[in-house]
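User: I would like to go through the reasoning behind the labels attached to this model. Please set each value against the criterion it has to meet.

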Amino acid sequence: MFLVIKNATIGYRKPLIKEVNTSLDLGEICLLIGNNGVGKTTLIKSILNQNRLLQGEIFINGQNIKISTHQQIAENTTVVFSKSAIPQNYTLRDLISFGKYIHYPYYFELNRADKQEVEEIIKSLNLSSYADFPLHELSDGNLQKAFIGRALAQNSPFIILDEPTTHLDEENKIIILKLLRNLAKAKNKLILFSSHDWRLAKEFANKIWLLHDQKIEAGIAEEILLKHDELLNPGLFDFTESFIPPKIAAPDLHKEMLYSFLQKNFPKNLSELEFTFQNSIWVISSDDLQINCASFTEIGQFLSKRY
Ligand SMILES: Nc1ncnc2c1ncn2[C@@H]1O[C@H](COP(=O)(O)OP(=O)(O)OP(=O)(O)O)[C@@H](O)[C@H]1O
């Protein structure tokens, strides 16, 4: 196993996450999820030995991080934090090239193969038209992609990303997540990334580390999601206490949209009703009726009359 965490307690003066025993291997993509403040960033810093463990040990590629040098950690591991300081007076191409310099002294001139790889990374991130832009003139999203590009240039086997999809629109989220997936599958890298955007992220992660109650629950993504249906259940977003949902039998997206529509417009007890999505029609049934509605407008008209 490439990353092994043994009996670790993580935190500052007080523990945030206790007795962590888990591991990940090359080729895996692991999504780190948990509410604000549970300790995701602290865990990442602990893996990088930027924050001391309160107890236990972490091994990267067989080396105990406590006795590894910065150079050893950097050769094995690259990190992209969601907020990184912007180096002054450099272009996007310079920033991505910096990823290559952990392998050379700073005065070294990059060779042709390195320069070509930098250009390929810029292209794969759809950043070609910004390559010569000064960093401070980039949008937040492009700057974030540039930091990811620097991590790709570093070419280490283990890449950690703290909320890599913050600031990105849907199209760019997909570009980044596909790229990460490709790195894991085609180049056998280990990717650990934290995200609140778990709906999208779950499609790309094969493992999940769920942080809750000061523990890490680790496992195959689908297994963790099955055990925690509060993560998948749209009820997660309940904000109307008087709303009791009907039974809904429909594909996930339709189910979620109907739930959202009903909660906003009919915050009542709808538990007597059952909605089934069949052949693009919503069939609404209860003990005393069955009607078909072709749209949310029609559903709205029916419910306004009934309640
Ligand atoms: N240097 C520090 N010293 C002491 N406590 C800290 C320090 N840095 C963070 N904390 C505290 O540790 C807790 C966990 O913070 P952390 O940033 O790891 O959470 P997180 O899960 O990444 O949160 P978010 O999702 O909001 O980014 C928070 O209560 C935070 O205030």
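The exchange below takes the labels one after another.

Analyst: One caution comes before the rest, namely that this is a predicted model. Its protein chain contains 11 helices and 14 strands, and its C-alpha atoms fill a box of roughly 80 × 50 × 30 Å along the principal axes.

User: What makes strand 9 largely enclosed by the rest of the structure?

Analyst: A residue is buried if 20 or more other C-beta atoms lie within 10 Å of its own. In strand 9, which covers residues 207-212, 5 of the 6 residues are buried, and therefore the strand is largely enclosed by the rest of the structure. For the protein chain, buried residues make up 34% of the 307 residues.

User: How do you know that strand 9 pairs with strand 3 and with strand 10?

Analyst: Pairing requires at least two bridges between the strands. Strand 3 (residues 29-34) and strand 9 have 5 bridges and pair in the parallel sense, with Ile 33 having Leu 210 of strand 9 as its bridge partner. Strand 10 (residues 215-220) is joined to strand 9 by 6 bridges and runs antiparallel to strand 9, and here Leu 210 stands opposite Glu 217. Strand 9 and strand 10 form a hairpin with 2 residues between them, and Asp 213 in the turn has a positive phi of about 50°.

User: Why are the buried residues of helix 6 said to be on the same side?

Analyst: The buried residues of helix 6 are Lys 173, Ile 176, Leu 177, Leu 180, Leu 183 and Ala 184. They cover an arc of only 115° around the axis, which puts them on the same side of helix 6. An α-helix has 3.6 residues a turn, so residues three or four places apart point the same way. The face turned away from the buried side carries the exposed residues Glu 171, Lys 178, Asn 182, Ala 186 and Lys 187.

User: How does the span of helix 6 compare with the expected value?

Analyst: Helix 6 (residues 170-187) has 18 residues and reaches 25 Å from its first C-alpha to its last, which is close to the 26 Å expected at 1.5 Å a residue. Asn 188 follows helix 6 and has a positive phi, near 55°.

User: Which residues have the most contacts inside the largest nonpolar core?

Analyst: The largest nonpolar core has 63 residues, and Cys 30, Leu 180, Ile 191 and Ile 208 have the most contacts inside it. Helix 5 (residues 140-154) gives the most to this core, with 7 residues. A second, separate core has 10 residues, including Tyr 259, Leu 262, Trp 282 and Ile 299.

User: What is Cys 30 in contact with, leaving aside its neighbours within four places in sequence?

Analyst: A contact requires C-beta atoms within 7 Å, and Cys 30 is in contact with Leu 24, Leu 192, Ala 205, Lys 207, Ile 208 and Trp 209, its neighbours within four places being left aside.

User: How is strand 13 linked to strand 12 and strand 14?

Analyst: Strand 12 (residues 274-278) and strand 13 (residues 281-286) pair in the antiparallel sense over 5 bridges, and strand 13 is joined by 5 bridges to strand 14 (residues 289-293), again antiparallel. Trp 282 has Cys 293 of strand 14 as its bridge partner.

User: Where do the bounds of the two domains fall?

Analyst: The domain assignment gives domain 1 (3-232) and domain 2 (234-306), and their C-alpha centres lie 40 Å apart.

Key: Residues are numbered from 1 along each chain as its sequence is written. This is a predicted model: local features need pLDDT of at least 70, side-chain atom pairs count only at pLDDT 80 or more; totals for chains, interfaces and linings use all residues. Helices (H or I, at least four residues) and strands (E, at least two) are DSSP runs, numbered from the N terminus. A residue is buried if 20 or more other C-beta atoms lie within 10 Å of its own, exposed if 12 or fewer, and partly exposed in between; C-beta atoms are placed from the backbone. Domain bounds come from an automatic or database domain assignment. The expected span of a helix is 1.5 Å times one less than its number of residues. The arc is that of the directions from the helix axis to the C-beta atoms. A nonpolar core is a set of buried Ala, Val, Leu, Ile, Met, Phe, Trp, Tyr and Cys residues joined through C-beta atoms within 7 Å. Two residues are in contact if their C-beta atoms, placed from the backbone, lie within 7 Å.
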